Amino acid sequence: MGIPLDYETLRIIWWALMGVLLIGFALTDGYDLGVASLLPFVAKDDAERRLVINSVAAHWEGHQVWLILGAGAIFAAWPFVYAVSFSGFYIAMFLVLAALILRPVAFKYRSKHNGAAWRSRWDMALFVSGIVPALVFGVAVGNVLLGVPFRLDGDLRSFYEGTLLGLFTPFALLSGLLSVAMLVLHGAGWLAMKIEDGPVLDRARRFGSVSAIAAVVLFALGGLIVAQGGLGFRIDGVVDTAGPSNPHYAGAVMAAGAWLDNYGAQPWTLFAPVLGLAGPVVALVGIRSRNHLLNFGGSSLATVGIIATVGLSMFPFILPSSIDPASSLTVWTASSSHLTLWIMLLVTVVMLPLVLAYTAWAMRVMFGRLTMREIQHSPDFY
């Protein structure tokens with residue numbers, strides 16, 4: 001029996017699914033990272049810090065599934081992308097993993113001892129576990145938009161010619177700051193839904209307001225740089241969208257402003273940057289009106305819009321090369337085989353709804369506002 005979906009369609013589906021998994025991670029674990037980043041600024045004593053920490057304590061472990069699924073999807077559906085990015089960004093990814101490893105340790109150990117210094121150190125570890133991934137993820141996206149310094153030889157062996165410090169260019173840092181602003185806004189929105197009114201929530205609203213304004217400014221500035229700063233890549237020549245996966249089969253060139261091509265060719269894609277700009281504004285309205293649903297909904301829209309903008313701007317590129325554009329990895333040249341994508345799609349059709357259903361069920365069961373009284377009198381909280 002033949003495969004009912006053609007190779008081109010499956011490639012587009014898996015490109016879209018990769019975006020769904022990344023957005024799913026940002027929407028769920030993103031507010032965990034945002035709350036951790038806010039911890040030292042919105043909580044002034046141990047009771048307040050416990051209130052903030054326990055607002056995400058019931059959910060953060062389940063959210064890791066999105067990160068695992070995303071990495072697994074890249075490995076299985078886009079092996080060239082996995083090989084180049086995970087080897088080229090090895091040290092940066094090590095920093096992210098080291099920070100993420102700190103999080104469960106800090107959760108489990110901070111309340112094992114009553115000493116103020118002991119708890120303060122673990123609270124700082126939680127802060128690091130939030131701010132470092134938020135910043136590095138954004139820096140990585142900025143470098144992808146700029147082009148990654150790698151090349152492929154005739155045998156498709158990857159050679160990365162960058163350094164860790166070389167990742168932190170001005171545009172990449174701007175992307176990193178946008179990522180931090182986006183996730184801090186999302187974290188503040190979560191706190192607005194999860195904890196009782198009081199000084200902690202008031203501080204979270206103030207930081208959320210600043211983050212919303214910063215997200216709009218940084219996103220607009222990034223768009224201006226993309227449009228006017230000579231960024232972009234474009235396919236050079238004719239591409240067989242159903243051909244074999246070999247990056248050398250399709251040429252690519254650097255082209256100023258090429259990241260805006262898709263918006264002219266497909267005007268419907270403009271929804272993404274519109275959401276990226278409107279989402280923080282909606283969140284800010286929710287903050288000022290003390291409407292927690294509008295607040296969290298706006299931060300969620302901002303997250304979806306900003307991430308979708310990157311993916312739609314770059315299509316069909318996934319990982320362009322700044323030193324050898326002909327080595328750039330695209331949707332048409334970097335995927336797994338036709339059969340592999342089809343089998344994986346069948347598994348995803350079964351498993352992804354289960355993940356979504358479980359996530360929704362867990363949120364429903366454990367939903368509700370935390371109060372300071374509960375934190376102080378229940379032995380079940382960290």
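This is a tour of one predicted model, with a list of residues to select and what is found at each stop.

**Confidence**

Begin by colouring the model by pLDDT. The mean over the protein is 90, and 99% of the residues reach 70 or more. Select helix H10, residues 271-289: among the elements, this helix has the highest mean pLDDT, 96. Then select helix H13, residues 372-377, which has the lowest, 77.

**The nonpolar core**

Next, select Trp14, Val52, Trp78, Trp259 and Leu329. These are the residues with the most contacts inside the largest nonpolar core, which has 96 residues. Stay on leucine 329 and show what surrounds it. Leaving aside neighbours within four places in sequence, leucine 329 is in contact with ten residues you can pick out one by one: Phe80, Val81, Val84, Phe150, Leu152, Pro247, Phe317, Ile318, Leu319 and Ala334. Another core, of 5 residues, lies apart from the largest one; select Leu185, Ala212, Ala283 and Leu284, which are among its members.

**Two buried serines**

Select serine 321, in the loop between strand S5 and strand S6 (329-330). Is serine 321 buried or exposed? Its relative accessible area is 0%, so serine 321 is buried. Not counting residues up to four places away in sequence, serine 321 touches Val148, Phe150, Phe233, Ser327 and Ser328. For a sense of scale, add proline 4 to the selection: the C-alpha atoms of serine 321 and proline 4 are 34 Å apart, and the two residues are 317 places apart in sequence.

Now move to serine 175, in helix H7 (residues 170-194). Serine 175 has a relative accessibility of 11% and therefore counts as buried, since the limit for that word is under 20%. Beyond its neighbours up to four places away in sequence, serine 175 touches Gly138, Val139 and Gly142.

**Salt bridges**

The structure holds 12 salt bridges. Three of them are visited here.

Select glutamate 48 and arginine 203. Their closest N and O atoms are 2.9 Å apart, and the two residues form a salt bridge. This pair links distant parts of the chain, 155 residues apart: glutamate 48 is in helix H2 (residues 46-57), and arginine 203 is in helix H8 (residues 199-228). Glutamate 48 and arginine 203 are buried.

Select aspartate 123 and arginine 49 next. This salt bridge has its closest N and O atoms 2.8 Å apart. Here the two ends are 74 residues apart, with aspartate 123 in helix H6 (residues 116-146) and arginine 49 in helix H2. Both aspartate 123 and arginine 49 are buried.

For the third stop, select glutamate 161 and arginine 151, a salt bridge with closest N and O atoms 2.8 Å apart. Glutamate 161 lies in the loop between strand S2 (158-160) and H7, and arginine 151 lies in strand S1 (residues 150-152), so the pair ties together parts that are 10 residues apart in sequence. How exposed are these two residues? Glutamate 161 counts as partly exposed because its relative accessibility is 49%. Arginine 151 also counts as partly exposed, at 33%.

Before leaving the charged side chains, select Asp46, Arg49, Arg110, Arg119 and Asp123. Salt bridges that share partners join these residues into one network.

**Backbone stops**

Most residues other than glycine have a negative phi, and most peptide bonds are trans. The following stops are exceptions to look at. Select phenylalanine 315 and proline 316: the peptide bond between them is cis, with omega near 5 degrees. Proline 316 lies in the loop between helix H11 (292-314) and strand S5 (317-319).

Select leucine 156, in the loop between S1 and S2. Its phi is positive, near 65 degrees. At 25% relative accessibility, leucine 156 counts as partly exposed. Then select arginine 290, in the loop between H10 and H11. Arginine 290 also has a positive phi, near 60 degrees.

**The surface**

Finish by showing the surface and selecting Leu339, Ile343, Val347, Val349, Val350, Met351 and Leu354. Together they make a nonpolar surface patch of about 650 Å². Within this selection, pick valine 349, which is found in helix H12 (residues 338-365). Which label fits valine 349, buried or exposed? Its relative accessibility is 56%, so valine 349 counts as exposed.

Definitions and conventions. Residues are numbered from 1 along each chain as its sequence is written. This is a predicted model: local features need pLDDT of at least 70, side-chain atom pairs count only at pLDDT 80 or more; totals for chains, interfaces and linings use all residues. Side-chain values use heavy atoms; hydrogens and water are left out. Helices (H or I, at least four residues) and strands (E, at least two) are DSSP runs, numbered from the N terminus. Buried means under 20% relative accessible area, exposed over 50%, partly exposed in between (1.4 Å probe, protein chains only). Contact means heavy atoms within 4.5 Å. pLDDT is the predictor's confidence in each residue, from 0 to 100. Patches are made of residues with over 30% relative accessible area and no salt bridge: like charges are joined within 9 Å, nonpolar side chains (Val, Leu, Ile, Met, Phe, Trp, Tyr) within 5 Å. Accessible areas come from the Shrake-Rupley method with a 1.4 Å probe; for residues, only the protein chains shown count as cover. A salt bridge is a side-chain nitrogen of Lys or Arg within 4 Å of a carboxyl oxygen of Asp or Glu. A nonpolar core is a set of buried Ala, Val, Leu, Ile, Met, Phe, Trp, Tyr and Cys residues joined through side-chain atoms within 4.5 Å.
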